[in-house]
Amino acid sequence: MTAQIEDWNEYNAALREQGKVFAAAAPEAMKGFQALSRGASTTQHLDAKTREMIALAVAVTTRCQGCIDAHARKARAAGATKEEVAEALGVAIALNAGAALTYSLHVMEALEKAGT
């Protein structure tokens, strides 16, 4: 089980330090990630707040604590309210439940076919 983060600022600082270590060990991988990140953060049709709320919902569904930290900060800076973020997270919760239901139906089908 993952430990709960008590100090998000400390967590962020430690993550940034480990990012430097990783960048030194795998500079091309880090450059690729940074290029992808820049491309995804370039807005043409969505405003920054909407993009960050999508990022938070995805961060929850992928269970990425670093993503949650980064995008919560960015969402707040983009003017997202607690209520708006909660609504976006409600969509993430529903999608996770929907995915679990869909895979459960696959299990039922597999059981049915295994019995033949």
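Q: In this predicted model, what puts lysine 31 and glutamate 28 about one helical turn apart?
A: Both sit in helix α2 (residues 27-41) and they are three residues apart, so about one helical turn separates them.

Q: What makes the pairing of lysine 31 with glutamate 28 a salt bridge?
A: Their closest N and O atoms are 3.3 Å apart. The cut-off is 4 Å between a Lys or Arg side-chain nitrogen and an Asp or Glu carboxyl oxygen, so the pair qualifies.

Q: Why is glutamate 28 called exposed?
A: Its relative accessible area is 58%, and exposed means over 50%, so the label fits.

Q: How do you know that glutamate 17 and lysine 20 form a salt bridge?
A: The N to O distance is 3.2 Å, and the limit is 4 Å, so they pass. This pair belongs to helix α1 (residues 8-25), three residues apart.

Q: Why does glutamate 17 count as partly exposed, while lysine 20 counts as exposed?
A: Glutamate 17 comes out at 44% relative accessibility and lysine 20 at 55%. Partly exposed runs from 20% to 50% and exposed is over 50%, so each gets its own label.

Q: What makes lysine 113 exposed and glutamate 109 partly exposed?
A: Lysine 113 has 54% relative accessible area, whereas glutamate 109 has 39%. With the line drawn at 50%, the labels follow. Their side chains meet in a salt bridge at 3.2 Å, N to O.

Q: Which residues make up the largest nonpolar core?
A: Six: Met53, Leu56, Ala75, Ala80, Val85 and Ala88. Helices α3 (48-62) and α5 (82-114) each supply at least two of them.

Key
Residues numbered from 1 in each chain as written. Predicted model: local features only at pLDDT ≥ 70, side-chain atom pairs only at ≥ 80, totals over all residues. Heavy atoms only, no water. Core = buried A, V, L, I, M, F, W, Y, C linked by side-chain atoms within 4.5 Å. Buried < 20%, exposed > 50% of the residue type's maximum accessible area, 1.4 Å probe, protein only. Helix = DSSP H or I, 4+ residues; strand = E, 2+ residues; numbered from the N terminus.
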